[in-house]
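I open these notes with the structure itself, and set down below what I looked up in it, entry by entry.

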Amino acid sequence: MRAGGTAGEDDATPGGTPAHGPGDGTAAGGDAPSGASRTGREAEGTGAPRGAGGDGAGPAGEGAQAGDGAQSAGSRRAGGAGAGGKGGAEREFLALERELAVFLRRARAQSGEMAREVHPELESSAYGLFVRLDDAGPQRATELSAYFGVGKATLSRQLRALEQLGLVARDPDPADGRASLVRLTDEGRARFRHVRDARRERYVRKLADWDRAEVAELARLLHHFNQRSEG
């Protein structure tokens, strides 16, 4: 039914830090000699340090950086949300795959047990044939092959084994004399229904604390899934 993906681990990128800290002297006017600075200030007729002009532009630059930072953070949040949504969907399907793997593994094991209860020489796949023939009535081999998604050669081998045990028989197809219909014999049906009823009793016990509506919903969803799988 391979667990968790890595969606969302790289969504957030650490924010950049300024090239110079607030107390960095080089950002406010460099390391020019003090005499040159005094001569320059006297020539300009102002007491303001040369770095003041640079500092005046500084807040504007810092504001632009802050705006860029906010935009980047917003982009990261938006990207993270998108990846998280995708990751959530992937987690749901991974959970479905995991639960189906467990379900199918147990179903195969139980089918083998049920088939051997019908007859000790039967393969596990034979139980599904009994279920189909009991529910749908006589079927052509080609119909059974298509229903179960197995090759004709595989199905023919399984049917021959059931015929040899006297559990199924073939009759001419009234609609086409060249074809035949596979059906359960009386013994085959009696053996199968005995095992099937015992199996249903086990389901009733296992799901005793379920509401009947929940059981019906589970059956409906499995039926819907099986129909989609046929395509």
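Entry 1, terms and model. Before reading any residue I fix the word I will need: partly exposed covers the range between buried, which is under 20% relative accessible area, and exposed, which is over 50%. By that cut-off D197, at 39% relative accessibility, counts as partly exposed. I also note that I am working from a predicted model.

Entry 2, overall layout. I looked up the secondary structure and found 7 helices and 2 strands in the chain, which follow one another along the sequence as α-α-α-α-α-β-β-α-α. Of the 231 residues in the chain, 19% are buried. For the accessible surface of the chain I noted about 16,000 Å², with 53% of that area belonging to carbon and sulfur atoms.

Entry 3, the strand pair. I turned next to strand β1 (residues 168-173) and strand β2 (residues 176-184), which run antiparallel and are joined by 6 bridges. The connection from β1 to β2 is a hairpin through 2 residues. To fix the register I looked up two positions: P172 stands opposite S180 in β2, and R170 stands opposite V182 in β2.

Entry 4, V182 and what lies across from other parts of the chain. Is V182, in strand β2, buried or exposed? Its relative accessibility is 1%, so V182 counts as buried. I then looked for a contact distant in sequence and found R140, which is 42 residues apart from V182 along the chain, while the C-alpha atoms of the two are separated by 5.9 Å. Q139 has its place in the loop between α3 and α4, and at 10% relative accessibility Q139 counts as buried. From Q139 I checked the distance to R170, and the C-alpha atoms of these two residues, 31 residues apart along the chain, are separated by 9.4 Å.

Entry 5, salt bridges. How many salt bridges does the structure hold? I recorded 11 salt bridges, and I followed some of them individually. The side chains of R157 and E123 meet in one of them, at 2.9 Å from N to O. R157 lies in helix α5 (residues 152-164) and E123 in the loop between α2 (50-118) and α3 (126-136), so this pair ties together parts that are 34 residues apart in sequence. On accessibility, R157 counts as partly exposed at 39%, and E123 is partly exposed with a relative accessible area of 40%.

A further salt bridge brings me back to R170, whose side chain meets that of E163 at 3.0 Å, N to O. E163 is partly exposed, with a relative accessible area of 30%, and R170 is partly exposed as well, with 33%.

Entry 6, the network. Which residues are linked with D197 in a network of salt bridges? I found D134, R189, R193 and R196 linked with D197 in that network. Within the network I looked up the bridge between the side chains of D197 and R196, where the distance from N to O is 3.4 Å. R196 has a relative accessible area of 16% and is buried, whereas D197, as noted in the first entry, counts as partly exposed at 39%.

Entry 7, the largest pocket. I left the pocket for last. Rolling a probe the size of a water molecule over the atoms shows where empty space is left. The largest pocket has a volume of about 2,700 Å³. Its lining counts 49 residues, and the closest to the centre of the pocket are F103, A107, Y203, L222 and N226.

I then asked which elements supply the lining of the largest pocket. At least two residues of the lining come from each of α2, α3, α4 (141-148), α5, α6 (186-206) and α7 (212-230). Among these contributions, α7 gives the most to the lining, with 12 residues. Sorted by character, the lining residues of the largest pocket divide into 26 nonpolar, 11 polar and 12 charged.

Note on methods: Residues numbered from 1 in each chain as written. Predicted model: local features only at pLDDT ≥ 70, side-chain atom pairs only at ≥ 80, totals over all residues. Heavy atoms only, no water. Salt bridge = Lys/Arg side-chain N within 4 Å of Asp/Glu carboxyl O. Buried < 20%, exposed > 50% of the residue type's maximum accessible area, 1.4 Å probe, protein only. Pairing = 2+ DSSP bridges. Areas by Shrake-Rupley, 256 points an atom, 1.4 Å probe, with all protein chains shown as cover. 1 Å grid on protein atoms, 1.4 Å probe; cavity = no way out; pocket = protein on both sides within 12 Å on 5 of 7 lines; lining within 4 Å. Points joined across faces, edges and corners; volume = space filled by probe spheres on them. Nonpolar A, V, L, I, M, F, W, Y, C, P; charged D, E, K, R; others polar.
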